[in-house]
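This briefing introduces a structure to a reader who is new to reading molecular models. Please look through the sequence and the model before turning to the notes below.

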Amino acid sequence: MKAAEIRSKWLAFFESKGHKIEPSSPLVPHNDPSLLWINAGMAPLKAYFDGRVIPENPRIANSQKCIRTNDIENVGKTRRHHTFFEMLGNFSIGDYFKEEAISWAWEFLTGPEWIGFDPEKLSVTVYPEDEEAYRFWNEKIGLPPERIVKLQDNFWDIGEGPCGPCTEIFYDRGDKYGDLSDPECTTGGENERFLEVWNLVFSQFNHNKDGSYTPLPNKNIDTGAGLERFASILQDVDSNFDTDLFMPLIERTSGIAGVKYKTNEDNDVALKVIADHIRTVAFSVGDGVLPSNEGRGYVIRRLLRRAVRYGKVLGIDRPFLWELTPTVGEIMGNYYPEVLEKREFIEKVIRTEEERFHETLSDGLTILADLCQKARAEGRTVISGPDAFKLYDTYGFPFDLTEDYATEQGMTVDREGFDSSMQEQRDRARAARQETDSMKVQGGPLAEYNEKSEFVGYEGLTAESRVL
Ligand code: ATP
Ligand code: MG
Ligand code: MG
Ligand code: MG
């Protein structure tokens with residue numbers, strides 16, 4: 001089943017249950033200074049959840065573009081994480097609650113006319129004290145106790161405000177993806193066999209100022225399921241990247257690089273990271289974010305540069321990301337016409353930024369060559385931490401490239417000095433930053449975007465990533 005069909009089925013299913021279908025909101029939050037990016041389907045609907053706005057229909061469903069920069073290190077390493085993904089959601093604003101949410105989730109997942117998963121492969125986690133949810137799964141749905149795992153973590157709470165337990169649904173991908181003798185290989189554990197597909201949050205309490213919990217008069221449902229994860233199961237492929245949402249991008253990139261997917265692990269990671277980042281960059285540019293040195297623009301700049309560096313792992317030494325934009329449009333344009341309508345603009349922004357980065361790299365090399373020469377003239381064999389940091393921070397020249405170049409010149413770089421310059425800069429930035437808070441949505445720690453989006457881009461590349 002193609003991803004587009006899964007998305008349509010989701011919307012049709014919830015429409016048949018009386019939901020109003022909302023289009024995806026842009027990736028940039030509207031009127032919400034607490035959030036850098038829309039990171040869950042519920043994020044653009046917050047005003048309904050906290051009662052500021054009364055929705056026309058208390059039942060809503062959507063497929064929402066999301067960005068989660070905190071998952072960047074997982075991209076290409078796990079089978080299931082992206083920085084940009086689509087979250088399918090259904091929501092109840094003071095209308096239906098646990099029983100319907102659970103039964104409809106089950107009906108959608110196992111109904112042969114919907115996505116028709118084998119019910120035997122599904123298991124769930126519940127909050128240990130949420131006896132209601134346990135009972136619905138056990139008695140109404142008929143899940144045996146061994147497939148209902150109680151997990152203390154299944155509670156959404158940000159201190160003051162609405163909060164409540166959640167239940168998550170997992171699909172068993174089979175022996176190939178994990179060995180049951182591994183204690184982590186269980187529903188809710190850190191493994192890739194039991195794939196988390198859907199999170200159902202039951203917002204039913206208010207966490208009061210004095211620390212007590214009281215039932216909310218209007219209980220809400222907030223759920224989120226990953227379209228790419230559904231697709232990987234329904235297309236019976238190894239990872240989200242092997243679905244029709246990513247393969248055309250991987251094919252295009254491997255064509256440009258002249259490499260073959262699935263012949264070399266480092267190359268595969270690079271192909272996946274590029275396929276991931278180009279979607280994030282293309283969609284955010286389409287939603288009006290331009291590469292810059294701060295905020296969202298900075299995230300985009302760093303993601304793009306990271307993709308360029310991974311391109312170098314594949315031996316691509318020229319601007320190429322912009323050429324992937326039409327492919328993003330072909331895959332996604334049906335539901336998100338903006339990537340088609342703004343294609344030329346997106347291409348131009350990406351191309352200009354790529355060209356600039358290539359210039360940065362060559363300027364950095366010139367500066368670095370001078371530094372090495374000077375050091376040698378002074379009888380030093382070490383490039384100082386502050387010098388390396390200045391190259392990185394002011395000129396955007398990656399640390400590992402500085403290190404590669406130094407090695408070639410028979411020199412070293414003071415890594416500790418670099419790290420402490422970095423730390424000082426972070427401390428300054430942190431002190432300057434205003435603390436903000438945000439209503440928690442699925443994936444709560446995401447609200448801490450300030451911390452997370454401090455970029456990790458230049459670390460974690462392999463030694464082959466040299467450009468010299
Ligand atoms: P995981 O444990 O796999 O990191 P999560 O618990 O952080 O997922 P939730 O915050 O519960 O995810 O989000 C709801 C759903 O959105 C998940 O069940 C999953 O299907 C999907 N999802 C979450 N994060 C990502 C991501 N980075 N890439 C793709 N899909 C995601
Ligand atoms: Mg999880
Ligand atoms: Mg989850
Ligand atoms: Mg997560």
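A residue is called buried if its relative accessible area is under 20%, exposed if it is over 50%, and partly exposed in between. The model described here is predicted. The notes consider a pair of magnesium ions, the surroundings of ligand 1, two buried threonines and one enclosed helix.

**The magnesium ions**

- The magnesium ion (ligand 3) is held by E168 (OE) and E196 (OE), with coordination distances of 2.0 to 2.2 Å.
- E168 lies in strand β7 (residues 161-172) and E196 in strand β8 (residues 194-207), so the pair links parts of the chain that are 28 residues apart in sequence.
- A distance of 3.1 Å separates the magnesium ion (ligand 3) from the magnesium ion (ligand 2), and E196 coordinates both.
- E168 has a relative accessibility of 10%; because this value is under 20%, E168 counts as buried.
- E196, by contrast, is partly exposed, at a relative accessible area of 27%.

**The surroundings of ligand 1**

- Ligand 1 is surrounded by 18 residues, of which D71, R80, H81, E196 and N199 are the closest.
- A side-chain N or O atom of D71 is 2.7 Å from a nitrogen atom of ligand 1.
- In the case of H81, a polar side-chain atom lies 2.7 Å from an oxygen atom of ligand 1.
- E196, which also coordinates both magnesium ions, has a side-chain N or O atom 2.7 Å from an oxygen atom of ligand 1.
- On its own, ligand 1 has 590 Å² of accessible area, and the protein covers 89% of it.
- By residue type, the shell around ligand 1 consists of five nonpolar, seven polar and six charged residues.
- Strands β3 (84-93), β8 and β9 (213-226) each contribute at least two residues to this shell, and β8 gives the largest share, with four residues.

**T125, a buried threonine in a strand**

- T125 belongs to strand β4 (residues 122-126).
- Its relative accessible area is 0%, so T125 is buried under the cut-off of 20%.
- The side chains of T125 and N154 form a polar contact at 2.8 Å.
- If residues up to four places away in sequence are not counted, T125 touches V149, L151, N154, C166, T167, E168, F170, T187 and G188.
- One of these contacts, E168, is also a ligand of the magnesium ion (ligand 3).

**T280, a buried threonine in a helix**

- T280 is part of helix α7 (residues 265-286).
- With a relative accessibility of 0%, T280 counts as buried.
- A polar atom of the T280 side chain lies 3.1 Å from the backbone oxygen of D276.
- Apart from neighbours within four places in sequence, T280 is in contact with I67, T83, F84, I300 and L303.
- T280 and I300 are 20 residues apart along the chain, and their C-alpha atoms are separated by 7.8 Å.

**Helix α9, an enclosed helix**

- Helix α9 (residues 325-332) has eight residues, six of which are buried, so the helix is largely enclosed by the rest of the structure.
- The buried residues of α9 are T325, T327, V328, G329, I331 and M332.
- The cover over these buried residues includes β3, α6 (247-257), α7, α10 (338-341) and α11 (343-377).
- Helix α7, which is part of this cover, is also the helix that contains T280.

Definitions and conventions:
Residues numbered from 1 in each chain as written. Chains lettered and ligands numbered in written order. Predicted model: local features only at pLDDT ≥ 70, side-chain atom pairs only at ≥ 80, totals over all residues. Heavy atoms only, no water. Donors = N, O, S within 2.8 Å, 3.2 Å for Na, K, Ca; no water. Buried < 20%, exposed > 50% of the residue type's maximum accessible area, 1.4 Å probe, protein only. Polar contact = N/O pair within 3.5 Å; in protein donor to acceptor, adjacent residues only side chain to side chain. Contact = heavy atoms within 4.5 Å. Near = heavy atom within 4 Å. Areas by Shrake-Rupley, 256 points an atom, 1.4 Å probe, with all protein chains shown as cover. Nonpolar A, V, L, I, M, F, W, Y, C, P; charged D, E, K, R; others polar.
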